[in-house]
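Colleague: Could we go through this model together, starting with its strands and then turning to the contact between its chains?

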Amino acid sequence: MITSRRNFLKTAAFGSASLVIGFDGLSLLKGADAETNLFEPSNWIRVDADGAVSLTIGKCEMGQGVRTSLAMILAEELEADWTKIRLVQAKPRPGSDLGTGGSDSIASSWRPLRQAGAAAREMLITAAATRWKVDRASCSAARGEILHPPSNRRLEYGSLVSDAAKLQVPENPPLKNATDFKIIGQRTARIDGPDIVCGKARYGIDVKIPGMLYASLERPPFAGAKVKRMHEDKARAVHGVRSIIKLPRGIAIIADNTWAAIKGRTALAVEWDDPPKDAFDSDAHWKRLEAASHETRFITRDEKAPSGTAEVTKTIEAIYQYPFYAHAPVETMNCVADVRGNRCTIWAPTQAPERLQKEVAKLLGIGPTNVDVNITLIGGGFGRRLGVDYAIEAADISRAAQAPVQLLWSRVDDMKQGHFQAASVHYLSAGFDARGMPVSWKHTKAGSFHNISPLDPKEMRDTAWYQDWSWGCYDVPYNFPAIQTAYVPVDLTVKHGPWRSVFAPSSVFARECFIDEVAQARAADPLEFRLQLLKGADVIKAGSTTVDRRRLRRVLETVRDKSAWDHRPVSENRGRGVACNAYFGRTYIAYVVDVMTDHDNNVRVERVVAAVDCGRVVNPVGVEQQMESGIIWGISSAIKGEITFRGGAAQQGTFADFAVARMRDTPAIEVHIVGSDAPLPFGMGEPPVPPIVPAIANAVFAATGMRIRRLPIRP
Amino acid sequence: MEKTELTINGAKHVVQVDDDTPLLWILRDTLGLTGTKFGCGVGVCGACTVVENGQAVRSCQIPCSAAAGRNFTTIEGLSPNGSHPCQRAWLTEEVAQCGYCQAGMIMTACALLQENPNPSDEQIDHVMSDSVCRCGTYPRMRNAIRRAAEEMRAKNR
């Protein structure tokens, strides 16, 4: 896993006096690779002669705080001086895996990063002990120095790196005990904070390279649309417009500056032909989804009631509808591409640098190593930037214009050409025995997979595959004697892809609302009812997911106690709701939400009490921020905008018609981080999202008596 | 294309751009002041907010012809080293996540506090709700504005 980069160093212009240790995610790097000089890790740490520590890391920063938390993990094991750590963005290399998604950065980096830091620390200790001619056991490391307490001597890391670099990298360096952590678990300020508040943080849109032109791209509004009319002469007449180029993906307007490109596009005034009668329409799609939800195509979990279980004498059922949403990050899609001969340089705010590299190489007919990808800071990712369409467009335009080009999407482009969160419909039913005890649970999700990258049809026949795509459905944590969950894939032609917490929000919305309906049928308290249903085996397996019910109970009990659940408001227009979720069996979250409704049934979320168990906490500030972020994201999807389609195109194009939460929609938020016995840290970017929406919907039921079975909640 | 003079962060600039070029793109493309961000181009998201005479204005909505002779402050000119009470409060309250909208938010907050040194929560919500933060940094932003207001009042006492 850890190998010296000394061989690499001979060929790299790093200078001789640095200690460099590479690590590549979870993949094992063999020493032999280093000998043959093939070893070029994506991630490495480097300690320079001036004591500066740099961490070159593939994970991209899009607001989740990963640059800070990864640096904390390294600093902890390396015993580095926190103020001397610098972050460097890695580039994709053959075999690298730098993608950022799935709330996996911390969990997957935790061990390799600690090992790399510990290896460097041990090498620095050895170097110092050798120089002092003392037993290395009598030396220790702290705040960027090696100490020898018996003789009261100390040496800064920088003065030791050239000696340390000559040493063998230890294969299994000792890792610190958690009880000795000084940085991990401490409230730590975001590394990029000062740059952000001074306007110095550089995002994709801020990239400017010599000779760069500016492009806007007019895309067909629906697949296969043809140009009926456009005004090329008028567009060319716009001052600053260089050229109008027809490309497979649209018509590019290339100009000397952004404004000229925007004006040129307006002047071009492309009229597209009318959509065919059968063009995609979301209302028609809803009907297909609902019909599909009554089928049972792929059974993702099937637990038969043990013999002796009482018969079902009463059944309740419901259909839950989950709409399309846009990501709508404030930084619209953009990319700088510079195609020169058989080489291409890209600057992109991307979550998927390797996919980007591969796709751009394919477009240009060159090898992936000829595509140099620079990952910038990202002004909001939320899964949208796992798609690489905007980079392919930019490369195509640069090739055609024979110049470096910045492609910037307008807000309307960004809204209408999204990789939307796909709509889904959920059929749920619960059976009760003659005594009114719940004995069966059924949840069928009718939905669609991503179509932003090709799927492997072989995989699509595999039950495990469908389980993966229905988190929150097949891993229902509640104890019913009989459980059946199923997935029905429904064809969806419009672009759809990962959206913050991917497949979980729709399933968790349906599951957590319907469990409230089951509680209501029992006249039971919805929170205590959940706790009852989380008894039985403490740990359950569902597919590849392991759910620890103790952790789920603990977050539920925490929100019950902290919110004074039992003393909830009972006035006519106020209500309190609860929901919980185990995200992939990793991060456990529960919410209690208070809502108020006005005379027109507009919903206002007044207060959210949250409890989270994400395992080992690296940065408590980061955990709190992601909780708040997920809650506000959920408020947007619960009570603000949805995307609808007519004639193959999204009907929304701005923050006015696809509304998102604003400060006035922000409730009072209390986050309680629950002590965890899970030894590993788990992700926080996505897990806060799924359970907030059903908690709001359940609160609306408590306030109004109306079940919310379709989002967003409309008066 | 006439030459247009305008003052940005106290420095006079003469730019030669089309009359209808929005101030936003003068700042970003012509002057290289990229701290001010593009978000929607139609004045509804607030990412491009700058300050003029203590008022928050949307730089995407001010054409060059109208900007001529005027004096604007951008995030880069708010303080020499991030020492403005709003910037410091933003750091203390750990507001930023992706950070993209934050320059516009900080400029909006500065203008609010200049006009009203003691805004109520409702007033803060009212003014700040004209801007979009997709990361949802609103609760911390609200706290930062309260903190900055307090500090500014203490200084002026």
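**Strands and interface**

Modeller: In this predicted model, strand 3 and strand 4 of chain A form a hairpin with four residues between them, and Gly51(A) in the turn has a positive phi of about 90 degrees.

Colleague: How many bridges pair strand 3 of chain A with strand 4 of chain A, and in which sense, parallel or antiparallel?

Modeller: One pairing within this hairpin sets Arg46(A) opposite its bridge partner Ser54(A) in strand 4 of chain A. Strand 4 covers residues 53–57, and its pairing with strand 3 of chain A is antiparallel, over four bridges.

Colleague: Strand 3 of chain A also pairs with strand 2 of chain A; which residue stands opposite Trp44(A) there?

Modeller: Strand 2, residues 18–23 of chain A, runs antiparallel to strand 3 of chain A over six bridges. The residue that stands opposite Trp44(A) is Gly22(A).

Colleague: Which residues of strand 3 of chain A point the other way from Asn43(A), Ile45(A) and Val47(A), and are they buried or exposed?

Modeller: In a regular strand the side chains alternate between the two faces of the sheet. Strand 3 of chain A, residues 43–48, is mostly covered, with six of its six residues buried. Asn43(A), Ile45(A) and Val47(A) point one way, and the residues that point the other way, likewise buried, are Trp44(A), Arg46(A) and Asp48(A).

Colleague: Which residues form the uncovered face of strand 23 of chain A?

Modeller: Strand 23 of chain A joins the antiparallel strand 24 of chain A through four bridges, and the two form a hairpin with two residues between them, where Gly543(A) in the turn has a positive phi of about 60 degrees. Ala542(A), whose bridge partner in strand 24 of chain A is Thr545(A), belongs with Ile540(A) to the covered face. The uncovered face is formed by Val539(A) and Lys541(A).

Colleague: What area is buried between chain A and chain B?

Modeller: The contact takes 58 residues from chain A and 48 residues from chain B. In chain A, Val197(A), Val330(A) and Met663(A) lose the most area to chain B, together 19% of what that side buries. Carbon and sulfur atoms give 58% of the area buried between the two chains, which is about 4,400 Å².

Colleague: How many salt bridges are counted between chain A and chain B?

Modeller: The polar side of the contact includes 34 residue pairs in polar contact, both residues at pLDDT 80 or more. One salt bridge joins the side chains of Asp18(B) and Lys263(A), at 3.8 Å from N to O. The count of salt bridges between the two chains is six.

Notes. Residues numbered from 1 in each chain as written. Chains lettered and ligands numbered in written order. Predicted model: local features only at pLDDT ≥ 70, side-chain atom pairs only at ≥ 80, totals over all residues. Heavy atoms only, no water. Contact = heavy atoms within 4.5 Å. Buried area = accessible area lost by both parts, 1.4 Å probe. Salt bridge = Lys/Arg side-chain N within 4 Å of Asp/Glu carboxyl O. Polar contact = N/O pair within 3.5 Å; in protein donor to acceptor, adjacent residues only side chain to side chain. Buried < 20%, exposed > 50% of the residue type's maximum accessible area, 1.4 Å probe, protein only. Pairing = 2+ DSSP bridges.
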